[in-house]
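This report introduces a protein structure to a reader who has not met it before. Please look over the sequence and the model before reading on.

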Amino acid sequence: MTSRSLLSYAAVAVVALTATACGGSVTGNDNAETDGRTTIVVWAGSTGATEPLKRQLIDAFNTSQDKYTIELEVQPASAEAHAKLINAVKNKQGPNLVLDDGQPQGLGQVIAMGSVVPLDTYLDAADSSLKKSDFTKGMLDTGTFNGQVYSLPTQGGDFALIYNKEMFKAAGIEQPPATWAELQEDAAKLTKGTEQYGMYLPIGNGEGTSYYWQAMLWSAGGSFINADNTQVEFNSPEGVTALKAWTDMIKKGTAYPTSLKTPSDNGNTVAMTSKKAAMAINGAYNLGVLDKALGKENVGVAPLPPIGEPAMNLGSNNSYILRGTPAQQDGAWAFLQYWLKPDVQAKWDIANGFLPTNTKTADDPSWTKYLAENPRIKVFADELSYAKSRPSIEAYAAVSTALYTELEKAMLLKQTPEEALKNAEAAATAALK
């Protein structure tokens, strides 16, 4: 996988850091070098072809000042990232900064150890180039636990409807669907038995299913969890409506069945490139693969068609500082401010298919020029204006597991939507307690 987060969970295509080996520490060692600089060890997932750019940007920071030296340690992807990070911290072998963690909702377990530095004081400082006001509420919420900011979103993303223009034309469809009802109608027109399906839906036992479905729930007018994060609320009439929006298509045979899903089907990209599906929910980071397979002129992007109100779930890779000496913590913060400078973040986002996480980057001339030249990316960017985040709570992983386990059963038609949400509520409630 590459560092595409849930940004796609289909991701998201998420890179989570693997905390195994190590260089940096949270031991209190000042890491001072002979030249008087303090070494700041940064862990980050691999970004493949753009890895040289990351190192170039880090080198630029290192040469721009004489107090800190950033030492990058690239970590392989892992589904057990936070468990390994916790183990490293326990053994005082963790980094000073985790860069672009693809599973920020799981940070609560590390915070509970007292190992993560709250960022409120840094953000509120008069000399800080970053302020809380530079982030939308949804973006800031991705790293806010119990009222304190512990991580900042450094790579943004969401999802939209990707569709095959060639298939649309063959079916006599002139425009992408503007509502979910229209999508269901179009999917029927685009379906050709088992040769071609109108829509790919996320049928699977993983976070991606919960991630996408939460946007459907919000669009139907439902709530995922209450305001103080103590009780799930997805088992509701709105929740049933949101789930039936998917299961009805499975019953009618207009959606891509789970029997065709493969382990390598990253965010349904394979279903699209093989022309087994005419529409899918996907992220901007996969457009390059789709363009190469289908031809850029045939790959269309439209906002996620709503059931009721437009809704979107944020995908973000977040960065955070681990406890160390004052010099280590200050150095990590200095680099984090640099990494989120508008020109730096815009350059990184453009190279990787990410979206800005702060308003200053969104207004940067290089980014606005990029959007003007790439209207498909603008669709994803515009959705951020109403996007919300998943709850940042320690129990989120367990709650999500309870939900996607039952959603999958409903999608496989092994139980009704009502039964699935009732069972998910019971398991999620137990997890919260």
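The text below treats the nonpolar cores, one helix, one sheet and the aromatic pairs of this predicted model.

**Nonpolar cores**

The largest nonpolar core comprises 112 residues. Within this core, the residues with the most contacts are Leu152, Trp180, Met199, Trp213 and Phe234. Apart from it lies another core of 15 residues, including Val41, Ile86, Ala88 and Phe145. As a general tendency, nonpolar side chains in soluble globular proteins are buried together.

Tryptophan 180 illustrates the contacts in detail. With its neighbours within four places in sequence left aside, tryptophan 180 is in contact with Met199, Leu201, Met216, Ala245, Trp246, Met249, Leu304, Pro305, Pro306 and Ile307.

**Helix H8**

Helix H8 covers residues 207–219, and 13 of its 13 residues are buried. At 1.5 Å a residue, the 13 residues should span 18 Å, and the end C-alpha atoms are 19 Å apart, which agrees. Glycine 221 follows H8 and has a positive phi, near 95°.

**The sheet**

Three strands form an open antiparallel sheet in the order E10-E7-E11. Strand E10 (279–282) and strand E11 (299–302) are the edge strands, each pairing on one side only. On average, neighbouring strands of this sheet are turned by 30° against each other, direction ignored. Strand E7 (residues 160–164) pairs with E11 in the antiparallel sense over 4 bridges, and tyrosine 163 stands opposite glycine 300 in E11. Helix H16 (residues 375–383) packs on the sheet and touches E7, E10 and E11. The direction of H16 makes about 20° with that of E11.

**Aromatic pairs**

The count of aromatic pairs comes to 16. Two of them are set out here.

| Pair | Centre to centre | Angle between planes | Arrangement |
|---|---|---|---|
| Phenylalanine 61 and phenylalanine 335 | 5.2 Å | 80° | edge-to-face |
| Phenylalanine 145 and tyrosine 150 | 6.5 Å | 75° | edge-to-face |

The pair of phenylalanine 61 and phenylalanine 335 links distant parts of the chain, 274 residues apart. Phenylalanine 61 belongs to helix H1 (residues 51–64), and phenylalanine 335 to helix H12 (residues 326–339). Are these two rings buried or exposed? Phenylalanine 61 has a relative accessible area of 4% and is therefore buried, the cut-off being under 20%. Phenylalanine 335, at 0%, is buried as well. Both residues belong to one aromatic cluster formed by Phe61, Phe335, Tyr338, Trp339 and Trp348.

In the other pair, phenylalanine 145 and tyrosine 150 are likewise buried. Phe145 is also among the residues of the 15-residue core.

Note on methods
Residues are numbered from 1 along each chain as its sequence is written. This is a predicted model: local features need pLDDT of at least 70, side-chain atom pairs count only at pLDDT 80 or more; totals for chains, interfaces and linings use all residues. Side-chain values use heavy atoms; hydrogens and water are left out. Helices (H or I, at least four residues) and strands (E, at least two) are DSSP runs, numbered from the N terminus. The expected span of a helix is 1.5 Å times one less than its number of residues. Buried means under 20% relative accessible area, exposed over 50%, partly exposed in between (1.4 Å probe, protein chains only). A nonpolar core is a set of buried Ala, Val, Leu, Ile, Met, Phe, Trp, Tyr and Cys residues joined through side-chain atoms within 4.5 Å. Contact means heavy atoms within 4.5 Å. Two strands pair if DSSP finds at least two bridges between them. Axes are lines fitted to C-alpha atoms, for helices over the stretch in contact, and angles run from 0 to 180 degrees between N-to-C directions. Rings of Phe, Tyr and Trp (its six-membered ring) pair if their centres lie within 6.5 Å; planes under 30 degrees apart count as stacked, over 60 as edge-to-face and the rest as tilted.
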